[in-house]
Amino acid sequence: MKHTLSLTAMFAAGVFGLASLNAIAENPHKEAIQGPFTQGSQVTEQCIECHEDHAKDFMKSSHWTWELEQKLPGRTVKRGKKNAINNFCTSIAGNEPRCTSCHAGYGWKDNNFDFSDMTKVDCLVCHDTTGTYVKDPAGAGEALAKVNLERVAQNVGMPVRDNCGSCHFYGGGGDAVKHGDLDSSMAYPDKATDVHMDSDGNDFQCQTCHTTQQHQITGNAMGVSPGGENDIGCENCHDSAPHANKRLNTHTASVACQTCHIPFFARNEPTKMSWDWSTAGSDQEETVDEYGKHTFMKKKGSFVWGKMVKPEYAWYNGKADAYMVGDKMDPSKVTKLTAPLGDITDKTAKIYPFKVHRGKQIYDKKQNIFVTAKVYGKGGYWKEFDWDKAAKLGMEANQALAQQGIKYSGEHGFAETEMWWRINHMVSPKDQALKCNDCHNKGTRLDWQALGYEGDPMKNKKGAKHAK
């Protein structure tokens, strides 16, 4: 395969283990930072004495705002973690102290959080090199009290996989819950787990691909940013015709690299594949599966977990559609909270792999809209097991619903949903990529009819045409 990055650029990006040089390369901060500190914002006050411009840049990023202006079919919206409805814990509205433990800031407890306050920026979560910086899981972004903030602040450096993973490996409330291709095994993966991040091989850091300028990080998760426009792709580094075999190269017009080169996700840690909230509250016995993961919990309902999961496949043109807070839904149908756009006739679309997380979640029966439920904290479902109260409090805390004048009607039901998450990580070594017969001849990896073909395009030439 051809690589278009120069050796100098690759070294600078971390391809050759730049992370291992951080302790040498970074300027020591022991003279610049002086404690003691009792909370993170006190550290930030000293950071911005030299790094005010960096903080200003960061405050323009979606890692701070948790929303982006983006285009969905027929409308332009502001969307992100801040206001998206998902089929995990439904939304952050009313649940902020728990959900915002992964915000790169301090003190986002409710709608009164001041996004203009520079001292609330959490510099340490990305720049800690000690491995001791841990956020309080229910502390609205604050560090655990046991963390020695002075020591961490005096030993900062460039981010490595562990920094990014402290949030992204644990999305959805636990290891591997949300993404499927991002979990704790990616901190120091072997070659079989990810050929790029192999800690004894290429040792890519996240920013090798997610290139960053002025704290603006390329790449968006389709689940929360379906209209994101700063995509990254394999062709940033690889030639568009990377194979010695010409027939394989013809596939790249219609098939994404990830489709063949990520045959499985959740290779080491099981990922959550479905969450049924309608069974929550039952006094039945809590159960676990073969992986030791709960399949039923009274406060959360029923789950299905998967390991070494085959992706689902769909056409994707780089854009997606999404359900927005307040949108009408049909409870008799499965609502796609996010789903890729594109089909066999779309010249810009390719077949991509996805994790599809399926759910059954609360909705308002009178208004036919999904509810943003308060599950955590005082009055939350996990404490009181009262769906009506959780729905009322959660919707009152949701600014997007308040702006539309929408309140909970007092009647609820449960409806089925899907969230599509594009798979990009856990790239296998080339000898473990899909083979021709996995998809063609008697191979069953791809559902040709579902993709718009009349049959296997290797045999049915009429159905093979893709308008490129």
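**Figure legends for the close-up views**

**View 1. Leu182 is buried, at 14% relative accessible area.** Buried stands for under 20% relative accessible area, exposed for over 50% and partly exposed for what lies in between, all with a 1.4 Å probe and protein chains only. This is a predicted model, in which local features need pLDDT of at least 70 and side-chain atom pairs count only at pLDDT 80 or more, while totals for chains, interfaces and linings use all residues. Residues are numbered from 1 along each chain as its sequence is written, and side-chain values use heavy atoms, with hydrogens and water left out. Leu182 belongs to the loop between α8 (161–168) and α9 (206–209); helices (H or I, at least four residues) and strands (E, at least two) are DSSP runs numbered from the N terminus. Pick out Thr271 as well: 89 residues separate Leu182 and Thr271 in sequence, yet their C-alpha atoms are 9.5 Å apart in space.

**View 2. Ala176 sits in the loop between α8 and α9 with a positive phi.** The phi of Ala176 is about 70°, although this residue is not a glycine. Is Ala176 buried or exposed? Ala176 is buried, with a relative accessible area of 1%.

**View 3. Gln214 also has a positive phi, near 50°, in a residue other than glycine.** You will find Gln214 in the loop that joins β3 (212–213) to β4 (216–217). Gln214 counts as exposed, because its relative accessible area is 59%.

**View 4. A cis peptide bond leads from Gly35 to Pro36.** For this bond, omega is near 5°. Pro36 lies in the loop between α2 (22–25) and α3 (40–58). As background for views 2 to 4, most residues other than glycine have a negative phi, and most peptide bonds are trans.

**View 5. Tyr316 and Phe354 make an aromatic pair, one of 21 in the structure.** Rings of Phe, Tyr and Trp (its six-membered ring) pair if their centres lie within 6.5 Å, and planes under 30 degrees apart count as stacked, over 60 as edge-to-face and the rest as tilted. Here the ring centres are 6.0 Å apart and the planes stand at 90°, so Tyr316 and Phe354 are edge-to-face. The pair ties distant parts of the chain together: Tyr316 is in strand β9 (residues 312–316) and Phe354 is in strand β12 (residues 350–364), 38 residues apart. Tyr316 is buried at 5% relative accessible area, and Phe354 is buried at 1%.

**View 6. Tyr381 and Phe385 form another edge-to-face pair.** Their centres are 5.4 Å apart, with 75° between the planes. What sets the two partners apart is exposure: Tyr381 is buried, with a relative accessible area of 2%, whereas Phe385 is partly exposed at 33%. Both belong to one aromatic cluster, together with Phe88, Trp275, Trp277, Phe303, Trp387, Phe414 and Trp421.

**View 7. Lys272 sits over two rings, those of Trp275 and Phe303.** A charge sits over a ring if NZ of Lys or CZ of Arg is within 6 Å of the ring centre and within 35 degrees of the ring normal. Lys272 lies over the face of Trp275, 4.0 Å from the ring centre. The charged end of Lys272 is also over the ring of Phe303, at 3.8 Å from its centre. Trp275 and Phe303 are both members of the aromatic cluster from view 6.

**View 8. One cavity of 30 Å³ or more turns up in a search of the whole structure.** On a 1 Å grid over the protein atoms alone, a cavity is a set of points where a 1.4 Å probe fits but cannot get out, and a pocket is an open set with protein on both sides within 12 Å along at least five of seven lines; lining residues have an atom within 4 Å of a point. Points are joined across faces, edges and corners, and a volume is the space filled by probe spheres set on them. The largest cavity holds about 40 Å³ of space. Its lining is made of Asn220, Ala221, Met222, Ser225, Pro226, Gly228, Asp231, Tyr316 and Arg422. Tyr316 is the residue whose ring pairs with Phe354 in view 5.

**View 9. The second largest pocket encloses about 410 Å³ of space.** Which of its 22 lining residues are the closest to the centre? They are Lys82, Asn83, Asn398, Gln399 and Ala400. Helix α14 (residues 399–403) gives the largest share of this lining, three residues.
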